[in-house]
Amino acid sequence: MASFAHSDADGAVGSDPASRSPLRREDERLVTGSGAFVADVALADALHVAFARSPVATGRIIGCDLDAALAAPGVIAAFDGSHVTHLADLSVNPVLGPVAGGEFPVLAARQLLAVGQPVAAVLARSALLAQDAGEQVGVDFDDAEHGPVLDPADENASAPFSRQWCQGEPDSVFAQADHIIETEVRHPRLAPSPMENRAIAVRFEPDHGSVTIWLSTQTPHRARAELARILGRDAALIRVVAPDTGGAFGLKASLYPEEVFAVWAAFELRRSVRWTASRNEDLLSAAHGRGLATRGRLALSDDGLFLGLQAEISAPVGCWLTSSSAIPAWNAARILPGPYRIPAYDLQTRGVWTNTAPVGIYRGAGRPEAAMLMEQLVEKAARHLGVDPMALRRINLLSAHDLPCRRATGTTLDSGDYPRALALLVGSAAYDDARKEQQQRRQRGEIVGIGAGFFVEPCGTGWESATVSLNPDGRVLVRSGGSAQGHGRETAYAQIAARELGCGIEQVSVQFGDTRNCPEGIGALASRSTAIGGSAVVQATREALAKSGGALTPPRPVEASVRYEADGEAWGYGCYLAQLSIDPETGALRIEKLTCLDDAGVIINPELAEGQIRGGVAQGLGEALLERLVYDEDGQLITGSLMDYALPRADDMPEIEILHLQTPSPANLLGAKGIGEAGTIGAPVAIYNAALDALAPLGVASLPLPLTGQAIWRAIQSATNPTDGNRNP
Ligand code: SMO
């Protein structure tokens, strides 16, 4: 059973009724089966799309034979790449500068770049008829001259973007340092795995030649703008509605070729069109996460002070660029050197093309990779110096007086008290006692480990919009430019508005996710919904109240619309502690306890925040222990179903203790930071460090991810019995 301990250290959770945790108002409809997801949208006479996909990772297309598919029962139309070559490319967020090369192939026309890439599409009266006909599309291709690029560390891989940041004199620091610690991390590729697969339903409106699109997306307004640009259509003809969304985790922040095709086909055929991905199609062709290859070196003095950091990050991007494809490479580097005072650093990062599914943002998006690199270095350094890792952190953490801290990477750590957070975790988790107990258990022959991960995380920047209407009957309507992916926005935005107005939350209705009814906005990603979207709600509520002369029940309806832009970026942070044991016979790892300390700034709804931590921890645990997408050397995906790709289940979850500090962020109106990604950042490296701490006395110096029983068993064998460590179990 879980236990809860809240430290409302800054008093931000006070007696204010709006800061408590009312029940999520979304849940009744969701848990009673009354939610409406894209596949629930009724569309009269819609055509169903099925895609013929590339069977190989590389090749040159000679031609597509659509005749058999066109002759199949129920088929209305079939298209290949030659029909859509005129369409524009998807825009890419240029956080690492302009992108070199690449295109956005709605249907591949010339080159095959990955297994599973859409090559042709068939439209039929039912999904099954479309699927049957899709299997009859013949794709004629030449084999490529060389094999696929699958590994981001491949020398032959080319980079659409790269960047380097330097501070101080890292070369001379490393030349003179007393100690240099090195580590290398290979992150498995992960499948973000929302419960609801990708889905789109396009209703063609013949009277106006317009479309209404129900899309499972985190970014409805951006989807509309991009569709208009890619298709060369007036945005006024496109309405995008994000209905209930069954999870997204970054996967649904980008538009996909399949979705663009469905909208193109609806305009082209003047018919309604729909497509719902199967799980296999999502594993094969939706964006993957992680997969980075990272290397780092930490220079230290004899007394344990961090002097310099060098890091090289290589992030796979797959075969086409999602909107946020540069974000993991950017975050993984710019978040370094984490919460520490390090005078000199050299951080190099790049994205590389691979002949795989696209790789984009997945909950954490570079943050877990930065934490994994930095915190492995910290604990390896502590082991090398023979000091306690918490003590080593203590002398190197930035103090509250060092913040705000501007870095050469262009980021500014805004606020917080890292030493206090460490002290709170060490005290609340009874860390010193746990170390003593570990010694006793080791003497009894048990393999037990304790490991931590201290991280900082960017949470929300830029702008979001809100419109607030006050009505004579006291009803309040909040419309947000953001959206929701199941994370409780209706509840939180109602609370935020109610707190400003001093009214009950039941008086407040909340709408988002519809480009016709809601103001232009960004969406639900990058831990921004409360900090930025919530601040927009605050500002619009204040302006509406000013217009009504401060009265909640004005004689005439009043309305205020704002485009709120944050003053800067809020940086959450946290420290997670994992305690675990390992079965020496099987290598099976059991997490005995996980303690999560987060400072997410001012928390609006503690229960929603805690739900985010738990969900993030579940996905972080999957990352550390279970999950891995595998391509064979020919680029065939061999983990194409949930029989082969191991997601965590309820009984994999350990006991979790959750602790909070609340340091208001000066960067936004609410003083909020973010919490949605924290669990995926803190948990994997804490678990990894604990596993290595457990096995270090046996001589194990590194472990591959994920930490499966087999991987650990092999590591134990090769450390304790080097001559036959490679035999098969
Ligand atoms: S990985 Mo998130 O949806 O920015």
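Strand E4 (residues 75-80) is mostly covered, with five of its six residues buried; buried denotes under 20% relative accessible area, exposed over 50% and partly exposed in between, for a 1.4 Å probe and protein chains only. Strands (E, at least two residues) and helices (H or I, at least four) are DSSP runs numbered from the N terminus. The structure is a predicted model, in which local features need pLDDT of at least 70 and side-chain atom pairs count only at pLDDT 80 or more, while totals for chains, interfaces and linings use all residues. Residues are numbered from 1 along each chain as its sequence is written, and side-chain values use heavy atoms, with hydrogens and water left out.

**Strand pairing**

Two strands pair if DSSP finds at least two bridges between them. E4 and strand E6 (residues 118-124) run antiparallel and are joined by five bridges; Val75 stands opposite Ala124 in E6.

Strand E23 (residues 476-480) has four of its five residues buried, so it is largely enclosed by the rest of the structure. E23 is joined to strand E22 (residues 463-470) in the antiparallel sense and to strand E24 (residues 508-511) in the parallel sense. E22 and E23 form a hairpin with five residues between them, and Gly474 in the turn has a positive phi of about 90°. Bridge counts and one residue pair for each of several strand pairs are set out below.

| Strand pair | Sense | Bridges | Residue pair |
|---|---|---|---|
| E4 and E6 | antiparallel | five bridges | Val75 and Ala124 |
| E22 and E23 | antiparallel | five bridges | Thr467 and Arg479 |
| E23 and E24 | parallel | four bridges | Val478 and Val510 |
| E17 and E18 | parallel | 10 bridges | Gln310 and Asp346 |

**The five-stranded sheet**

An open sheet of five strands, with mixed pairing, follows the order E8-E18-E17-E16-E9. Strand E8 (161-167) and strand E9 (179-186) are at the edges and have a single partner strand each, so one side of each is left without a neighbour in the sheet. From one strand to the next the twist averages 5°, with axes taken as lines fitted to C-alpha atoms (for helices over the stretch in contact) and angles running from 0 to 180 degrees between N-to-C directions. Helix H9 (residues 367-385) packs on this sheet, touching E9, strand E16 (293-300) and E17, and its direction makes about 140° with that of E9.

Gly296 lies in E16 and counts as buried because its relative accessibility is 3%. Leaving aside neighbours within four places in sequence, Gly296 is in contact (heavy atoms within 4.5 Å) with Ile181, Glu182, Thr183, Gln310, Ala311, Leu373 and Leu377. The C-alpha atoms of Gly296 and Asp178 are separated by 17 Å, the two residues being 118 residues apart along the chain.

**Helix H15**

Helix H15 (residues 606-625) has 20 residues and spans 28 Å from its first C-alpha to its last, close to the 28 Å expected at 1.5 Å a residue; the expected span is 1.5 Å times one less than the number of residues. H15 is mostly covered, 14 of its 20 residues being buried. At its start, a side-chain oxygen of Asn605 comes to within 3.1 Å of the backbone nitrogen of Glu607.

**Domains**

The domain assignment, which is automatic or taken from a database, gives domain 1 (17-35 + 463-565) and domain 2 (403-461 + 567-729). Their centres, taken over C-alpha atoms, are separated by 34 Å. The contact between them takes 27 residues from domain 1 and 20 residues from domain 2.

Key
A polar contact is a pair of N or O atoms within 3.5 Å; within protein, one must be able to donate a hydrogen and the other to accept it, and residues adjacent in sequence count only if both atoms are side-chain atoms.
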